[in-house]
Amino acid sequence: MSSEYETTETLDVKGLSCPMPIVKTKQAIDDLEAGDVLEVISTDSGSMSDIQGWAEGTDGVDLLDQVEADDLYTHYVKKTA
């Protein structure tokens, strides 16, 4: 997968741990329009499985990609509805 997405907004949740990355991601997604892509940057390794699980169980969002580099976890979430 490529991490080159045209992001609408970037959400910085560095330093926050579960469940705050999910809470903040949901709040940010709710403010976006269908088709928008949210980039979420986290330092919580647990966010990899947490955001994946949240996206799989949430209607109206798709997890496009997740990238781990330099102790940062970047997630690309698209609002579909």
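Helices (H or I, at least four residues) and strands (E, at least two) are DSSP runs, numbered from the N terminus. The model you're looking at is a predicted one: local features need pLDDT of at least 70, side-chain atom pairs count only at pLDDT 80 or more, and totals for chains, interfaces and linings use all residues. Residues are numbered from 1 along each chain as its sequence is written, and side-chain values use heavy atoms, with hydrogens and water left out.

**Exercise 1. Two oddities in the backbone**

Find where Pro-19 sits, and work out what kind of peptide bond leads from Cys-18 to Pro-19. Then look at the phi of Asp-70 and of Asp-71.

*Solution.*
- Step 1: Pro-19 belongs to the loop between β1 and α1.
- Step 2: Coming from Cys-18, the peptide bond to Pro-19 is cis, with omega near 10°.
- Step 3: Jump to the loop between β3 and β4, where you'll find Asp-70. Asp-71 is in the loop between β3 and β4 too.
- Step 4: Asp-70 isn't a glycine, yet its phi is positive, about 55°. Asp-71 isn't a glycine either, and its positive phi is about 60°.
- Step 5: Why bother pointing these out? Most residues other than glycine have a negative phi, and most peptide bonds are trans.
- Step 6: Now check the surface, using these cut-offs: buried means under 20% relative accessible area, exposed over 50%, and partly exposed in between (1.4 Å probe, protein chains only). Asp-70 is exposed at 74%, and Asp-71 is exposed at 63%.

**Exercise 2. One face of a helix**

List the buried residues of α1 and say what covers them. Do the same for α2.

*Solution.*
- Step 1: In α1, the buried residues are Pro-21, Ile-22, Thr-25, Ala-28 and Ile-29.
- Step 2: These residues sit on the same side of α1, because they cover an arc of only 130° around the axis. (The arc is that of the directions from the helix axis to the C-beta atoms.)
- Step 3: Their cover includes β1 (9–12), β2, α2, β3 (61–69) and β4 (72–79).
- Step 4: Over in α2, Ser-47, Met-48, Ile-51, Trp-54 and Ala-55 are buried. The arc here is 145°, so the buried residues line one face of the helix.
- Step 5: The cover for the buried residues of α2 includes α1, β2, β3 and β4.

**Exercise 3. Into the core**

Name the residues of the largest nonpolar core that touch the most other members, then list the contacts of Leu-38.

*Solution.*
- Step 1: A nonpolar core is a set of buried Ala, Val, Leu, Ile, Met, Phe, Trp, Tyr and Cys residues joined through side-chain atoms within 4.5 Å.
- Step 2: The largest one has 13 residues, and Leu-11, Ile-29, Leu-38, Val-40, Trp-54, Val-61 and Val-77 touch the most other members.
- Step 3: Two or more residues of this core come from each of α1 (20–30), β2 (37–42) and α2 (47–56).
- Step 4: For Leu-38, skip its neighbours within four places in sequence and look for contacts (heavy atoms within 4.5 Å). You get Glu-9, Leu-11, Thr-25, Ala-28, Ile-29, Leu-32, His-75, Tyr-76 and Val-77.

**Exercise 4. Salt bridges**

How many salt bridges are there, and which residues pair up?

*Solution.*
- Step 1: Here's the rule: a side-chain nitrogen of Lys or Arg must be within 4 Å of a carboxyl oxygen of Asp or Glu.
- Step 2: By this rule, the count is 2.
- Step 3: One pair is Asp-12 with Lys-14, whose closest N and O atoms are 3.1 Å apart. Asp-12 is partly exposed at 47%, and Lys-14 is partly exposed at 42%.
- Step 4: Asp-30 also pairs with Lys-26, at 2.7 Å from N to O. Asp-30 and Lys-26 are 4 residues apart in helix α1, which means about one helical turn separates them.
- Step 5: A handy bit of background: an α-helix has 3.6 residues a turn, so residues three or four places apart point the same way.
- Step 6: Asp-30 is partly exposed at 45%, and so is Lys-26, at 41%.

**Exercise 5. A look at Thr-74**

Is Thr-74 buried or exposed, and which residues does it touch?

*Solution.*
- Step 1: Thr-74 is found in strand β4.
- Step 2: With a relative accessible area of 12%, Thr-74 is buried.
- Step 3: Leaving out residues up to four places away in sequence, Thr-74 touches Glu-39, Val-40, Ile-41, Asp-65, Gln-66 and Val-67.
- Step 4: Take Asp-65 from that list: it's in strand β3 and buried, at 7%.
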